[in-house]
Amino acid sequence: MEDEYLQKLQPFLDKNNGNLSAAIRDAIELADAALQGHESIEDALEHCTQDSIKYPEIRNSLIESGECILISQLSFRWLTENTDGILVDDELVSELFNPYQIKNVSDLLDYLNTRSRNFGWEIEATVNTWDEDKTEVIVLENGDPSLRAFLAEAISVFLGRHLNLDVSFVHRKSNSIRIFLKEYRSDMDVPPGIRKNFGTLDYTFKEIRSKPEFWTSLIERYRVQRYQRINLNKDVFETFLSGEIPDVTNFFEAAAGKPIQELPFCELFAICKKLISVTQLANDIERTVERGKITIKIRHQFSEEIAIEKLVELVSKLFQTAGYIFEVRTVSNLIIIKFADAC
């Protein structure tokens, strides 16, 4: 027998006080146990590599130390789905990915793949280049879908915090997530693309937590009253009470980042639709085009003539300030605005 194999038998020889026959019998017993559940010796050897035995050892040590706990896949899925839209905290991101060891995207993915192997996540991370504009795309594949979504968000927050990158687009498929990256340098806490793709409810939940009694009461009133409530700024409401028509151009200019006179009609209409949705001043607003001329129809639920007149004046003042020529008429619960020229 060659020395290489005698060295592998040494632990068995030590156990049996140098008795080679007894050592070989123990080795055979161990081999028989190792082959259970495997179709071949090669298959068993593949599952006995260092990386494959690392996972249960690390898992057991983390559970025994109290650092980690086991929860069911169903429980974890419920947690991730019911926190969707809330950004992962910086402390948790730094616990998952050590910012002192990671200097670029390749380091981040190597770090993630190592943790995935060690922890049994079965998630594989790669980076590709989008041919059209050389955009870097991080691809997460396999593993549990909820865990994959959670790690995609954590990776994106890390990129925004530490590597001056933002997310332009996220493509989710049944077995993968693709994260399209772009450079972004700013003092903002989280780049806008990351907040748009992963944190749409983040500010909302922070406000609810800061004033829970106020928000739970307000939400309950909206729910009971079927959203038949008006939401206005104090200064706008005060102007209405005084009998005047408030100026709401600030809302449009803040949303667009430029003077209202410079807004193209399609952008002006989109912001107007958003304003109506937020304030509940009307039920809906729609736009039609006939022979190159635009007509806007605003549906409302006001019955008092004075209230309808005030709403007409408010909308008219807005489009006049924007520089448009139009005529207005009302029919029942409908305000119809026809523009003189093509917009």
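This passage walks through the nonpolar cores, the salt bridges, the cysteines and a surface patch of a predicted model.

A good place to start is the interior. The largest nonpolar core contains 33 residues, and F97, I138 and L159 have the most contacts inside it. Helices and strands both contribute: the elements giving two or more residues to this core are α6 (90-96), α7 (105-119), β2 (135-141), α8 (145-162), β3 (165-172), β4 (176-183) and α9 (192-198). Of these, α8 gives the most, with 8 residues. L159 shows how such contacts bring together separate parts of the sequence. Leaving aside residues up to four places away in sequence, L159 touches V105, L108, I138, N164, L165 and L181. A second, separate core is made up of 31 residues, among them L263, I294, I296 and F339.

L112 offers another view of the interior. This leucine sits in helix α7 and is buried, its relative accessible area being 0%. Its contacts, again not counting residues up to four places away in sequence, are with F97, W121, A125, L140, L151 and I155. One of these partners, F97, is also among the residues with the most contacts inside the largest core. For a sense of scale, the C-alpha atoms of L112 and R161 are 17 Å apart in space, while the two residues are 49 apart in sequence.

Turning to charged side chains, the whole structure holds 8 salt bridges. One of them joins R223 and E220, with an N to O distance of 2.7 Å. Both partners belong to helix α11 (residues 212-224), and because they are 3 residues apart there, about one helical turn separates them. R223 is exposed, at 52% relative accessible area, whereas E220 is partly exposed, at 36%.

Other pairs connect one element to another. K273 and D284 form a salt bridge in which the closest N and O atoms are 3.3 Å apart. Since K273 lies in helix α14 (residues 265-279) and D284 in strand β5 (residues 284-290), this pair ties together parts that are 11 residues apart in sequence. K273 is partly exposed, with 37% relative accessibility, and D284 is likewise partly exposed, with 31%.

Strand β5 takes part in a further link. The side chains of E286 and R299 meet in a salt bridge at 3.2 Å, N to O. Here E286 of strand β5 is joined to R299 of strand β6 (residues 293-299), so that distant parts of the chain, 13 residues apart, are linked. E286 counts as partly exposed at 27% relative accessibility, and R299 does too at 35%. Elsewhere, salt bridges connect R195, D202 and K206 in a network.

The cysteines make a brief story. The count of disulfides is 0. Two of the cysteines can be placed by their accessibility: C68 is partly exposed at 31%, and C266 is partly exposed at 49%.

Finally, nonpolar side chains also appear on the outside of the model. I69, I71, W78 and L79 make up a nonpolar surface patch, together offering about 450 Å² of accessible area. Within this group, W78 belongs to helix α5 (residues 73-81). W78 counts as exposed because its relative accessible area is 53%, and the cut-off for that class is over 50%. The contrast with L112 is plain, as that leucine is buried at 0%.

Conventions. Residues numbered from 1 in each chain as written. Predicted model: local features only at pLDDT ≥ 70, side-chain atom pairs only at ≥ 80, totals over all residues. Heavy atoms only, no water. Patch = residues over 30% accessible without salt bridge, like charges linked within 9 Å, V, L, I, M, F, W, Y side chains within 5 Å. Areas by Shrake-Rupley, 256 points an atom, 1.4 Å probe, with all protein chains shown as cover. Salt bridge = Lys/Arg side-chain N within 4 Å of Asp/Glu carboxyl O. Helix = DSSP H or I, 4+ residues; strand = E, 2+ residues; numbered from the N terminus. Buried < 20%, exposed > 50% of the residue type's maximum accessible area, 1.4 Å probe, protein only. Core = buried A, V, L, I, M, F, W, Y, C linked by side-chain atoms within 4.5 Å. Contact = heavy atoms within 4.5 Å. Disulfide = S-S within 2.5 Å.
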